[in-house]
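Please look over the sequence and the model below, and read the briefing that follows alongside them. The points are grouped by topic, beginning with surface charge and then turning to aromatic contacts.

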Amino acid sequence: MLIRKPAVAPGVVIRGAEVGDGRRDVRLVGHRIAAVDRAIAPEPGDTVIEGEGGALIPGLHDHHVHLLAMAAAARSVAVGSPGVRSHEQLAAAVSAADRQLAPGEWLRATGYHESVAGPLDRGRLDQLVPDRPARVQHRSGALWILNSLALRLTGLDDHPTGRLFGQDAWLRSRVPAVEPDLAAVGTMLAGYGVTGVTDATPTTDATALDVLAAAVASGALPQHVVITGAPHLDPSAAPVLRRGPAKLVLADHALPALDEVLAAIATARRAHRTVALHCVTRDALALALAAFEDAGAWPGDRIEHGAVVPPAMAAGLAAHGLTVVTQPNFIRERGDQYLTDVDADDLPHLYPCRSLIEAGVAVGGGTDAPFGLADPWRAIAAAVDRATESGRVLGPQERISAGQALALFLTPPDAPGGAPRTIEPGASADVCLLAAPLADVLAAPSSDAVVLTVRAGVVRGSAPR
């Protein structure tokens, strides 16, 4: 009787990588790790990659990004620090972008902050860009400033300042649409070792989900994507996207009433969804805690940012079993400005990590790209040293170890702050190969150490060595 050996699907074999406490071979097939052993013989058709002692870790998951905004930012002129720090540099950046655009094309700029050249309004923007429609996004992401021509084209010619708070969806409907290059976003993220993201945009438009779903289905966006969206939006309509918590923005410039927050939570609960509340001030966090006190918290409910969390509020978060998804990269990117602008009572409690973890709060990591830089390794480094761009230290008591900082981005997509994912048979085949042993990489965390990324059995990012 002839017995045929079952055909084995082609996979990826990474040989001699550091896994745990020693060198191992790892075979990936499809979406799963098929084997981890001291020596694995490749099967016909397998792709073989030499690990050369570099650490093999799970692919990073960025728990807070804005994918379509990232694609839009790539075709925008950056007008914030560190590249732009004065009125002269602002004028030069805008003028250079103006010269490169076709007549009538909109100029889009991002990252502006008052520290660059003071408050910006339609009058000052008219001086910089008088002859084409222009819009500038504030660094916070909550404000757009339009010049007079842009206001005229959007039907707001009589708007006195051109400063539009919280009007992203309205403005998007009145500005010429440009096809987003999500493939470029996916390639960039893979280069950082990122195999998954949670899009934390509170979108109300199902067509935005269609765009993301198409990019994931086609492979243009190789990361797996978790979607938030507004409470009434159902991401399950796009099955290639994973449904996450409903996003509620407690906007600092116009905090909603408690009843409004409770109604939004109730809408999410009727759809059997957890919630993620955007909180970047004490007042917003106090409102969020009051809402959870009334509505009750579900496992998986989150606070996005937690930019200011005093110890008493950390205890409240722990009592409700809430998770915080934080952005320690803002200590590096914005810390010098925080030292100038933020109330002295809040400075010790900015983007905390250690105090939250010690209080029993689950903590996950995000970059808030494009409002923060998309490289999670910069966030990891900032969580370790708490250093600003100028080298000043902000909140040294909130420092955590490099291993803890990396773990912020290794937790499962649906459980930020949970147990980090591992390299073992049956685990996800989303992995990241580093150029050196993990201890060496964590001594100076940097995305320069990323050799390649494998997502669902397909090699992404850098080329194999």
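In this predicted model, Asp294 is exposed, because its relative accessible area of 54% lies over the 50% cut-off. Asp294 is part of helix H10, and together with Asp259, Glu260 and Glu293 it belongs to a patch of negative charge on the surface.

**Negative patch**

- The residues that gather in this surface patch of negative charge are Asp259, Glu260, Glu293 and Asp294.
- Two helices each supply at least two residues of the negative patch, namely helix H9, which spans 258-270, and helix H10, which spans 282-295.

**Aromatic pairs**

- The count of aromatic pairs comes to two, and one aromatic pair is formed by Tyr338 and Tyr351, whose rings are stacked at 6.4 Å centre to centre with 25 degrees between the planes.
- Tyr338 lies in helix H12 (residues 329-341), whereas Tyr351 lies in the loop between H12 and helix H13 (354-358), so this pair ties together parts that are 13 residues apart in sequence.
- Ring pairs also link Phe330 with Tyr338 and Tyr351 into a cluster.

**Burial of the stacked tyrosines**

- Tyr338 is buried, because its relative accessible area of 11% falls under the 20% cut-off.
- Tyr351 is likewise buried, with a relative accessible area of 5%.

Note on methods
Residues are numbered from 1 along each chain as its sequence is written. This is a predicted model: local features need pLDDT of at least 70, side-chain atom pairs count only at pLDDT 80 or more; totals for chains, interfaces and linings use all residues. Side-chain values use heavy atoms; hydrogens and water are left out. Patches are made of residues with over 30% relative accessible area and no salt bridge: like charges are joined within 9 Å, nonpolar side chains (Val, Leu, Ile, Met, Phe, Trp, Tyr) within 5 Å. Accessible areas come from the Shrake-Rupley method with a 1.4 Å probe; for residues, only the protein chains shown count as cover. A salt bridge is a side-chain nitrogen of Lys or Arg within 4 Å of a carboxyl oxygen of Asp or Glu. Lys and Arg count as positive and Asp and Glu as negative; His and the chain ends are not counted. The place of a charge is taken as NZ of Lys, CZ of Arg, CG of Asp or CD of Glu. Helices (H or I, at least four residues) and strands (E, at least two) are DSSP runs, numbered from the N terminus. Buried means under 20% relative accessible area, exposed over 50%, partly exposed in between (1.4 Å probe, protein chains only). Rings of Phe, Tyr and Trp (its six-membered ring) pair if their centres lie within 6.5 Å; planes under 30 degrees apart count as stacked, over 60 as edge-to-face and the rest as tilted.
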